[in-house]
Amino acid sequence: KYLGTDRLPGTPDKQVLMRSAIGDHQVTTLGAHHMARSIGAKHVDTGIRDIWGIEKVASTTVGSAYVEYDFGLPPEPLCNVQMTLCDDPHSEVRKLSESQMQLDRFFRTGEVRSDCTGPCSFPALSGCMGGEDQIDLCL
C-alpha cells in the first residue's frame with residue numbers, strides 16, 4: 001500500500017519491478033498478484049495469461065510493473081496449500097538471460113518490457129516427470 005499511490009508523508013516516489021514464476025513453491029503467484037494490485041503495478045504481457053485487476057500493457061512501460069514467467073509446472077493449487085510438484089522455479093527467473101536483460105534495462109532506464117521471444121515459457125526447466133497434473137494437492 002505505501003509503495004504505490006498512498007505513500008507515507010515525505011516518502012519519495014518508488015518504482016518496483018516484480019517478477020514471478022508460476023508454480024513457485026515459496027511465494028504463490030496469488031500473493032504476488034495481491035501485492036502488484038496494491039502498489040498499482042502494470043502487468044507486462046509475456047504471452048502467458050491475463051491477471052484479474054492488473055492493467056496489462058503490451059509493450060514497454062515505465063514505473064512499477066509485474067512480469068510472470070512460466071516453467072511448465074502443473075496448474076497451481078486452488079486451495080491454501082503450497083505447490084510441491086516438479087522443481088521449484090523460485091530461483092529460475094533470475095537465471096534467465098531474458099530476465100537479466102529486463103532487470104538491467106529497468107535499473108538503467110526505468111523501463112520494463114518483456115525480452116522473451118514469444119511467450120516467457122521455459123517448460124524444459126520444470127523438472128516434471130509427467131503425470132503430475134493428475135495429482136490433486138487440495139485433498
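## A disulfide between C79 and C138

Let's start at one end of a disulfide: C138 counts as partly exposed because its relative accessibility is 35%, which falls between the 20% and 50% cut-offs. Its partner is C79, and the two sulfur atoms sit 2.0 Å apart. C79 is likewise partly exposed, at 28% relative accessibility. Please keep in mind that this is a predicted model.

The link of C79 and C138 is left-handed, with -100° about the S-S bond. The pair joins distant parts of the chain: C79 belongs to the loop between β5 and α2, while C138 is in the segment after β6 (111-112), 59 residues apart.

## The other two disulfides

The structure holds 3 disulfides. One of them is formed by C86 and C128, whose sulfur atoms are 2.0 Å apart. Here the angle about the S-S bond is 110°, a right-handed link. Because C86 lies in the loop between β5 and α2 and C128 in the segment after β6, this pair ties together parts that are 42 residues apart in sequence. The two ends are not alike in accessibility: C86 is buried at 16%, whereas C128 is partly exposed at 26%.

Then there is the pair C116 and C120, with sulfur atoms 1.9 Å apart. This link is right-handed too, at 110° about the S-S bond, and both of its cysteines are buried. Counting bonded cysteines along the protein chain, the disulfides follow the pattern 1-6, 2-5, 3-4.

## The sheet

Now for the strands. What is the strand order of the open sheet? Its 4 strands are arranged β1-β5-β2-β3, and the pairing is parallel. β1 (17-22) and β3 (56-57) stand at the edges with a single partner strand each, so each of them has one side without a neighbour in the sheet.

Between β2 (residues 42-44) and β5 (residues 65-70), the parallel pairing runs over 2 bridges. If you would like a place to look in the viewer, K42 stands opposite A65 in β5.

## Helices on the sheet

Helix α1 (residues 29-39) lies across β1 and β5, and its direction is at about 160° to β1. Helix α2 (residues 97-109) also packs on the sheet, where it touches β1 and β5. The angle between the directions of α2 and β1 is about 165°.

This brings us back to the disulfides: the loop between β5 and α2 holds C79, and C86 lies in the loop between β5 and α2 as well.

Conventions
Residues numbered from 1 in each chain as written. Predicted model: local features only at pLDDT ≥ 70, side-chain atom pairs only at ≥ 80, totals over all residues. Heavy atoms only, no water. Pairing = 2+ DSSP bridges. Contact = heavy atoms within 4.5 Å. Axes fitted to C-alpha atoms, helices over the stretch in contact; angles between N-to-C directions. Disulfide = S-S within 2.5 Å. Buried < 20%, exposed > 50% of the residue type's maximum accessible area, 1.4 Å probe, protein only.
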